[in-house]
Amino acid sequence: MKELDYDKIKEAARAYNADMTAFLRTMISHPSESCEEGDVVACIKAEMEKLGFDEVKVDGLGNVMGFMGTGDKIIAIDGHIDTVGIGNRDNWDFDPYEGFEDDQLIGGRGGSDQEGGVAAATYAAKMMKDMDLIPEGYKIMVVGTVQEEDCDGMCWQYIYNKDGIKPEFVISTEPTDGGIYRGHRGRMEIRVDVKGVSCHGSAPERGDNAIYKMADIVNDVRALNNNGADESTSIRGLAKMLGPKYNPDHYEDARFLGRGTCTVSQIFYTSPSRCAVADSCAISIDRRMTAGETYESCLEEVRNLPAVKKYGEDVKVSMYMYDRPSWTGEVYETEAYFPTWINKESAPHVKALVDAHEALFGDKRIGCPKSMDKREGRPLCDKWTFSTNCVSIQGRYGIPCVGFGPGAESQAHAPNEVTYRQDLSTCAALYVAAVNLYDPSQATDDATEYRGTLTGNDIK
């Protein structure tokens with residue numbers, strides 16, 4: 001392991017701040033919603049080639065990958081390059097694609113979520129090559145992944161199963177508010193369909209109103225989210241997984257990640273007309289899963305709701321599938337299931353980032369003045385609230401993950417999205433140091449990772 005000059009690493013990262021800022025603003029200027037990332041892929045590919053990456057390629061799904069070094073083992077730094085849309089333009093104080101910059105902020109759609117991470121990772125790889133800090137036997141892979149906003153982790157299913165790339169560990173550059181993140185809850189997308197029988201609205205008793213049946217089910221879904229775990233209630237709430245009685249093996253991890261949640265996110269119906277009884281109704285449920293919950297247990301919870309059992313064979317509970325073509329036209333069908341994952345702080349890949357941060361910046365979160373209201377007082381090592389590509393990388397395939405990325409989680413999907421210029425340099429420096437402090441021999445049984453139960457494409 002090479003002796004690191006931390007001051008020199010920080011100085012090199014700061015020297016590239018203007019270049020990283022310009023690169024990020026160019027990425028922001030290319031609208032890149034899921035399945036429409038072609039222009040930003042071309043932008044990233046050109047930047048990697050300009051910076052002298054040893055290999056740059058775009059795979060069949062449209063992920064762009066740059067490699068530095070020639071070793072057989074891979075350490076990957078991941079950032080998704082698709083964004084959500086802008087929503088109501090009237091909610092923006094500036095053009096979301098032209099953006100802006102000042103001495104602290106960079107504004108624009110994708111700044112925090114999460115093209116800023118790709119900018120920092122790309123220049124970190126260049127720094128490693130220029131400073132002769134690519135660890136012996138390794139190559140550094142910087143990947144700009146697609147369709148994460150649509151189907152988080154599907155891009156890595158493609159990379160793992162189709163491209164055959166299996167890194168030793170992966171750093172996610174999703175925004176972490178200056179923290180190092182070692183896990184997050186999983187999620188899944190559940191659909192409930194209810195059958196009814198239509199009739200003329202003037203005599204509704206002749207039919208069987210699917211919307212009324214669904215109303216009972218919706219109330220039960222709300223109770224599943226809101227209720228406690230009291231034995232007297234017919235629907236015990238998801239908070240039950242925070243205790244040893246219902247989650248004996250994983251309740252401590254669940255307390256760290258936070259309880260699972262569920263909410264009705266969409267509703268659909270069919271009816272012959274506005275003066276007829278609805279003959280079908282369906283809802284989508286956004287289900288967030290904590291440690292100890294699986295896709296089977298989540299489906300069974302909904303199937304066992306009193307209203308679902310009451311309507312029997314008229315109700316179908318299923319998991320959504322995703323099969324939207326990428327910007328290249330490639331389709332990779334997968335179930336809408338995104339497993340929970342978590343690591344111990346003692347895991348070597350987590351420890352590498354923590355040690356790097358302490359050597360470079362100390363043991364507390366840092367940032368520019370405009371970012372610190374969300375950072376002060378929070379632990380350096382923490383977890384995300386939302387979901388990331390790590391649901392596949394570690395959740396499905398057991399490849400260890402850890403997160404550190406520029407920007408703020410609260411900026412994701414929000415109007416007037418910003419990230420922080422200082423974070424680009426901070427992250428680039430930390431990536432350089434961390435991959436050189438990584439020691440796989442430090443792995444112990446105490447550092448064992450948690451990942452959710454698998455299905456479908458996972459067994460390929």
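Two strands are said to pair if DSSP finds at least two bridges between them, and the strands themselves (E, at least two residues), like the helices (H or I, at least four), are DSSP runs numbered from the N terminus. With that in hand, I can start at one such pair: β10 and β13 run antiparallel to each other over five bridges, and within β13 it is Met-319 that Ile-190 stands opposite.

Before going further, let me say that this is a predicted model, in which local features need pLDDT of at least 70 and side-chain atom pairs count only at pLDDT 80 or more, whereas totals for chains, interfaces and linings use all residues. Residues are numbered from 1 along each chain as its sequence is written, and side-chain values use heavy atoms, with hydrogens and water left out.

Staying with β13, four of its five residues are buried, where buried means under 20% relative accessible area, exposed means over 50%, and partly exposed is in between, with a 1.4 Å probe and protein chains only.

The strand β13 (315-319) also belongs to what covers the buried residues of helix α6, together with β10, β11, β12, α8 and α9 among others. Helix α6 takes in residues 210-226, and its 17 residues reach 24 Å from first C-alpha to last, close to the 24 Å expected, the expected span being 1.5 Å times one less than the number of residues. Its buried residues include Met-214, Ile-217, Val-221 and Leu-224. An α-helix has 3.6 residues a turn, so residues three or four places apart point the same way. At the start of α6, a side-chain oxygen of Asn-209 comes to within 2.9 Å of the backbone nitrogen of Ile-211.

Next to the covering strand β12, where Ser-280 lies. Is Ser-280 buried or partly exposed? With a relative accessible area of 22%, Ser-280 counts as partly exposed. Its side chain makes a polar contact of 2.5 Å with that of Thr-270; by polar contact I mean a pair of N or O atoms within 3.5 Å, where within protein one must be able to donate a hydrogen and the other to accept it, and where residues adjacent in sequence count only if both atoms are side-chain atoms. Beyond its neighbours within four places in sequence, Ser-280 is in contact (heavy atoms within 4.5 Å) with residues including Ala-210 and Phe-268.

From the record, UniProt lists residues 183-305 in an unreviewed entry as "domain: Peptidase M20 dimerisation", with positions in the numbering used here, feature names shortened, and annotations that may be inferred rather than shown by experiment. In the model that span is 27% helix and 26% strand, and its end C-alpha atoms lie 30 Å apart.

Now to the nonpolar cores, each a set of buried Ala, Val, Leu, Ile, Met, Phe, Trp, Tyr and Cys residues joined through side-chain atoms within 4.5 Å. The largest has 96 residues, and Met-141 and Tyr-431 have the most contacts inside it. Helix α12 (residues 421-437) gives the most to this core, with 11 residues. Apart from it lies another core, of 29 residues, among them Ile-217, Val-221, Ile-283 and Met-289.

Last, a polar residue: Gln-104, in the loop between β4 and β5, is buried at a relative accessible area of 15%. A polar atom of the Gln-104 side chain lies 3.0 Å from the backbone nitrogen of Lys-370, and the other contacts of Gln-104 include Tyr-420 and Arg-421.
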